[in-house]
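Before we discuss this fold, please take a moment to look at the sequence and the coordinates together.

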Amino acid sequence: SPAGRETVLVVEDEEVVRELVRQVLKESGYTVLAASDGEEAIEVATASKVPVHLVVMDVIMPKMGGREAARSLERLFPGVSILYMSGYTDEAIVHHGVLESGISFLEKPFTPDALLRKVREVLNLRTKGQSRGLP
């Protein structure tokens, strides 16, 4: 499985999913920060002593959803990459206007290997200057 050394912020309101993603990424060499919602994600990222390279976040969360949180994080940290995850298909999310087409997306449920491959893919796009979260 692809490994890395970057810092990843995991934003997920379901504790079991958040902990699983955190553990898989940490075991693969990533520095992992975690938050349970968008508001906490902004606090955690702002307080971090290391730059956040990637945010892996659920689309639908309480308090502040993924789309709104991503916009705030991108304003605070230009160049940060965003990988959305959801139990809904990417087509359903785009169709209902929750996210735009062409974003980085991982459908739940996913395997640890699928998570690691997608995280590496998005981070590689970032290093090539092609990363795309929200406009």
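The exchange below goes through the sheet, its helices and one loop residue of this predicted model.

Trainee: In what order do the 5 strands of the open sheet stand?

Mentor: The pairing in this predicted sheet is parallel, and we can trace it from β1, which covers residues 7–11 and is joined to β2 by 5 bridges. On its other pairing, β1 is joined to β3 by 4 bridges, while β3 in turn pairs with β4 over 5 bridges. With β5 included, the order is β2-β1-β3-β4-β5.

Trainee: Why is one side of β2 and of β5 left without a neighbour in the sheet?

Mentor: β2 spans 31–35 and β5 spans 105–107, and each has a single partner strand, so one side of each lacks a neighbour in the sheet. Across the sheet, neighbouring strands are turned against each other by 20 degrees on average, direction ignored. The reason for the free sides of β2 and β5 is thus their position at the edges.

Trainee: Which residue of β4 stands opposite V55?

Mentor: V55 belongs to β3, where L9 stands opposite it, and β3 also pairs with β4 in the parallel sense. The chain passes from β3 to β4 by way of α3 in a right-handed β-α-β crossover. The residue of β4 that stands opposite V55 is I82.

Trainee: How many of the residues of β3 are buried?

Mentor: Taking the strand face by face, L54, V56 and D58 are buried on one side, and V55 and M57 are buried on the other. Both faces are therefore covered, and the count of buried residues in β3 is 5 of 5.

Trainee: At about what angle does helix α3 run to β3?

Mentor: Two helices can be described in this way, and α1, residues 15–27, lies across β1 and β2, running at about 170 degrees to β2. Helix α3, residues 66–76, lies across β3 and β4. Its angle to β3 is about 165 degrees.

Trainee: Is V80 buried or exposed, and what is its relative accessible area?

Mentor: V80 lies in the loop between α3 and β4, and, leaving aside neighbours within four places in sequence, V80 is in contact with V52, H53, L54, V55, L73 and E74. The C-alpha atoms of V80 and V52 are separated by 6.8 Å, although the two residues are 28 residues apart along the chain. Since a residue counts as buried under 20%, V80 is buried, with a relative accessible area of 7%.

Technical notes:
Residues numbered from 1 in each chain as written. Predicted model: local features only at pLDDT ≥ 70, side-chain atom pairs only at ≥ 80, totals over all residues. Heavy atoms only, no water. Pairing = 2+ DSSP bridges. Axes fitted to C-alpha atoms, helices over the stretch in contact; angles between N-to-C directions. Contact = heavy atoms within 4.5 Å. Buried < 20%, exposed > 50% of the residue type's maximum accessible area, 1.4 Å probe, protein only. Right-handed = clockwise from strand over helix to strand, strands pointing away.
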